[in-house]
Amino acid sequence: MEAVPRMPMIWLDLKEAGEFAFNAAVKKFVLKNYGENPENYNEELRKLEVLRQSAVNVPRDFEGCSTLRKYFGQLHYLQSRIPMGAEQEAAVPIAWTEIFSGKTVTHEDIKYEQACILYNLGALHSMLGAMDKRVSEEGMKVSCTHFQCAAGAFTYLRDHFPHSYSVDMSHQILNLNINLMLGQAQECLLEKSMLDNRKSFLVARISAQVVDYYKEACRALENSETASLLGKIQKDWKKLVQMKIYYFAAVAHLHMGKQAEEQQKFGERVIYFQSALDKLNEAIKLAKGQPETVQEALRFTMDVIGGKYNSAKKDNDFIYHEAVPALDTLQSVKGAPLVKALPVNPTDPAVTGPDIFAKLVPMAAHEASSLYSEEKAKLLRDVMAKIEAKNEVLDQFMDPMQLDPETVDNLDMYSHIPPILMEKCAALSVRPDTVKNLVQSMQVLSGVFTDVEASLKEIRDLLEEDEAQERKLQELLGKGSVPQGSPPPASSTGLAEVSKECSKYMEVHEKASFTNTELHKAMNLHIGNLRLLSGPLEQVRAALPSPTLSEDDKQVLQNLKRILGKVQEMRDQRMSLEQQLREMIQKDDITTSLVTTDRSEMKKLFEEQLKKYDQIKVYLEQNLAAQENILKALTDANVKYAAVRKALAEVEHKWNTTVQTLVASYEAYEDLMKKSQEGKDFYTDLEGKAAKLLEKARAACQAAEANRQQILEKEMKKHPPPRPTAPKPSLQKKPLELEAEGPEDLRSLPPDVLAAHPARLPPTAFQRQSSSTDDLLSSSPESQHGGSKAAVGQPLLQPTKADAKEGQKPKAVQLIENDPYEKPERVLRLRAELERFRALLQRLEQTEPGGTAELDALWKELQDAQERDARQLSIAIARCYSMKNRHQDIMPYDRNRVVLRSGKDDYINASRVEDLSPYCPTIIATQAPLLGTAADFWLMIYEQKVSVVVMLVSEQELEKQKVLRYFPTERGQPVVQGPITLVLSSVKAAPTHVERMITLQYRDQSLKRTVIHLQFTSWPELGLPDSKASLLRFIQDVHGHYLHQRPLHTPHPWCTPLPQLYFQQDPQDLVLGGDVPISSIQATIAKLSIKPPGGVEGGVGWGAGGRPCAQRYGVCAPNPEPVPEPPGDAESSNHVEEIPPPAPAAPPAPTSSLELLASLTPEAFTLDASLKGKQRMNKQNFLQAQTGEGLRAPRPSDDPLSMLDPLWTLNKS
């Protein structure tokens, strides 16, 4: 039924207006009764005239309704000031045309004008409601509202204007109009209910109410008096209303039948459908002569009801066989009135607008308003006197107690960190290295202080040692043996200057040590607080004092706080009520009402108006009466609170002191850093001067030693040689030289003993153990301050120190020809040295007065140094760019993050990974680019000169859009990522990966670069790949591509799979692209003095630092001998010997994943396909010689290096 065509609606015509000459009458009344110049109101009268013309010639739309309402309200205001009613002083004739007869009706009453305007308002609403087609839900709502407004206008006209000014506004016609409008509004609501598919019973009740409204209208139409008033339209209205009565009764019974069907009452369904069919037939009979829309609606409804009835009857006859009850035995359908007449308010400012004659107030109204204001002031004085008396008592009671409800139960303060402390913690959280920087700064200061002290002590020791040597020389030669007249040596003058400067530096150092001590004390005072502030907030909260209260104490606090809350609530309520009373009195203006009120009724009007204040006066009296009870309860609670109050005051004082101390420590941080920096600058300068003085002292001591040696040699030549029978002393080494080099027995130790123990521990080896862990870990005398001097001659078996530039390999090892311990005195000397070493170890393990051994202190210092290194792993910068991080728990460290040089900012979630192994190049590990970081990603590829990009993301993740497709996918189509333009050159699918060749161009530069993009498609979203063979094959392919891009490199497979891996090109690396001709490659290799494949002996591999370095691999026989390297840096070599290879022997092919992985090692890798059958040189067969032959084994005749002396590095001097 929701698609049934709409029935037509009844609407009313508008009345036509005649003359209403109110200007002269109004001016005359104003001049006579108000005593004002009437010309001052010309503008108001003009506005009213314009408004009337708009109202009598109203447009047929919603704006016309607003105009009629506004004019109706202004007439009401005018009548309140100027009496223009029937037989009143300012009354003027008003003419309007009657609708049904067309006659002009005139009355001298302004209410006649108001009544006609109201009638036109209802008629215009009925017209607007009937004009809508009601095909949409919104149209139904608008029509329903218009009909309700029309009913409201006619209802106001009937109730407030009892005099029938004309036939069309008689009570019979108005009642007819009201019922017609309400019925049509209910009909619109019925149409919407059927459109919304409401419940059948509700739709039936709405339809029954439509029938009730139309029945009332039909009774009015059948009245002979009404029929005579309406004239010829009475028959048309009556026929349409009667047809609608039967039609909507049929609709009601149709939905009652539907409800019976839902309740499975099949007999009732049949009788309801039959009744609906009968009533519809009656409606069809009455619809003759009606418009086509009515006929179409009836036919549609007949199809629906007829189909329902036939189906229901057939089902009941053949299936259900229920008895069909009589219609009068069933309960009748009661209507549900869901519409009402919307009222008209002539004084609503939102409708009528501002009062045009607002400034026109009668003198009597002003006098009455003054009397009313005095009544209001009297009421306010009485109330305020009572309030002020109670407030004075309350203030006298509360002031001495000094109780604030916000601070009485302020226990929450102790469970939270105060804002000022939170600011300090937040400031330290963004600077996580604050404490570390302070500690490191102080440690650096301490280290420089100790270094300066050690340098000065070493200078003093050198001077004392030189002085002792000088005394020994004098004793040996005898006093006065110095040649007469010889000038003092220059070394003595230099030593005197050194001694003078050393004394000056020692004095400055001692003065500065006091300031250094005070600075350390200040740091120790604040460092704990700074660590606390930079730590977790829970620790800061735990460090603040908090009160410990029993349950009874807490109950006392809660009770007191509750009562104080009541006191505050009473005060707030009292102030609020007082404010409300004042505002009400101030806004209470009844002048408008006084204008139209008779003087005899003024007192009664005052009493009625003052009743509006009775409610607020009752509330105030209740508030004042409650004060006595509240204060009594507060006195009892305060007695119990006294003891708890004292304990809380003490805790609060401690809490405030702790907070102030922590804040002071934070503020002292900058001062400590500044002073420590000043101390570092001072001691750095002093350290430089002390180092120069130390070098000067060493040079002076060496000069003095050389002078003493010359004197000693001269004296030795004066003595005659000893007799042949006497034992000949060994003069190979001078005593001072032996002393400088170390004991002879230790110098003759075997090489394995020398490798395990230091040759000599000089006296100054442990003088600076507390300065840094470097001194503790140093195992060679050369690394100690004041270590042994450089030896004049090289002993036979002194170990050589490894050189990083030479691959950490010793230059050579000399052979031992004889037993070094043939002489007993050497064994005795060895034992003495071992006893000294054992005594030194015992001293290190002895417990000091502090309770710890010196070795434990050194060990603790080493652990502290390791902990400091671990704290350097900061991610402070990455935390500032949370939007650029895919996961908030995977961020790069500050020290090894990749820094963008030409982006908006320098941050990208990428880490430089170096030194994975000696064979692995520098790589960059980064996340899969986000939507906002794709441009940064390609900018990094360009800036870091990356050649190979490895992507460990499956195609499924790209399709699910978990990972952005940040690379171009169509060949030849440029994709712009920030300043980088990308073009896909080629795509190739391999079993394990997808290979893409992508060309990069920076802005408008003509130079382009090619990057290989390898996507491993078997990497799962979670976990690791199932097949290790495919992963190893992919690693092998990555190496192949990288070597194709970088033919001089030997890469090594990485260990940890990451979302994005790509190799970094070092600025010194040679980039050989796929389009570089072979001749260019050969020319470049020739420039580097490295032969191309086919005769390769040397290659460029990755050193420990990730930089390119040259490594030679000799191709030799199955049991080769080590070939010593020539001196100098391997990279500086300009010549590579070419060794003819032996006959090829085919190596076995890898048969498993592990063998495949083993084949990817740097030792197994070669660039020359012609060398596949030849034995390769590796570390193992390079270091192992044939059994029993060693270095003396016969050398192959075809080896051009076989004639080199393996010990040439030791014999070159």
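**Exercise 1. How many aromatic pairs does the structure hold?**

Solution. The model is predicted. The structure holds 19 aromatic pairs. Two of these rings, Tyr112 and Tyr165, make a useful start.

**Exercise 2. Classify the pair of Tyr112 and Tyr165, then place it in the chain.**

Solution.
- Step 1: A pair of aromatic rings is described by the distance of the centres and the angle of the planes.
- Step 2: For Tyr112 and Tyr165, the centres are 5.4 Å apart and the planes meet at 45 degrees. Stacked needs under 30 degrees and edge-to-face needs over 60. The pair is tilted.
- Step 3: Tyr112 belongs to helix H4 (residues 110-131). Tyr165 sits in the loop between helix H5 (137-160) and helix H6 (171-195). The pair therefore ties together parts that are 53 residues apart in sequence.
- Step 4: Tyr112 and Tyr165 are both buried.

**Exercise 3. Is the pair of Tyr942 and Tyr1002 stacked or edge-to-face?**

Solution.
- Step 1: The ring centres of Tyr942 and Tyr1002 are 5.0 Å apart, with the planes at 15 degrees, so this pair is stacked.
- Step 2: Helix H30 (residues 934-943) carries Tyr942, and strand E9 (residues 993-1002) carries Tyr1002. The pair ties together parts that are 60 residues apart in sequence.
- Step 3: The cut-off for buried is under 20% relative accessible area. Tyr942 has 19%, so it is buried. Tyr1002 has 14% and counts as buried.

**Exercise 4. Which residues form one aromatic cluster with Trp938?**

Solution. Phe937, Tyr966 and Phe967 join Trp938 in one aromatic cluster.

**Exercise 5. Find the lysines over the rings of Tyr119 and Tyr41.**

Solution.
- Step 1: Look above the face of Tyr119. Lys15 lies there, 5.9 Å from the ring centre.
- Step 2: Turn to Tyr41. The charged end of Lys359 sits over this ring, at 5.1 Å from its centre.
- Step 3: Check the distance cut-off, which is within 6 Å of the ring centre. Lys15 is at 5.9 Å, and Lys359 is at 5.1 Å.

**Exercise 6. Compare a UniProt annotation with the model over residues 560-587.**

Solution.
- Step 1: An unreviewed UniProt entry lists residues 560-587 as "coiled-coil region".
- Step 2: In the model, residues 560-587 are 100% helix and 0% strand. The end C-alpha atoms of this stretch lie 40 Å apart.

**Exercise 7. Is Ile319 buried or exposed?**

Solution.
- Step 1: Ile319 is part of helix H11 (residues 292-320).
- Step 2: Its relative accessibility is 53%, so Ile319 counts as exposed.
- Step 3: Phe318, Ile319 and Tyr320 form a nonpolar surface patch. Together they have about 350 Å² of accessible area.

Methods
Residues numbered from 1 in each chain as written. Predicted model: local features only at pLDDT ≥ 70, side-chain atom pairs only at ≥ 80, totals over all residues. Heavy atoms only, no water. Phe/Tyr/Trp six-rings, centres within 6.5 Å; stacked < 30°, edge-to-face > 60°. Helix = DSSP H or I, 4+ residues; strand = E, 2+ residues; numbered from the N terminus. Buried < 20%, exposed > 50% of the residue type's maximum accessible area, 1.4 Å probe, protein only. Lys NZ or Arg CZ within 6 Å of the ring centre and 35° of its normal. UniProt positions renumbered as here; feature names shortened; annotations may be inferred. Patch = residues over 30% accessible without salt bridge, like charges linked within 9 Å, V, L, I, M, F, W, Y side chains within 5 Å. Areas by Shrake-Rupley, 256 points an atom, 1.4 Å probe, with all protein chains shown as cover. Salt bridge = Lys/Arg side-chain N within 4 Å of Asp/Glu carboxyl O.
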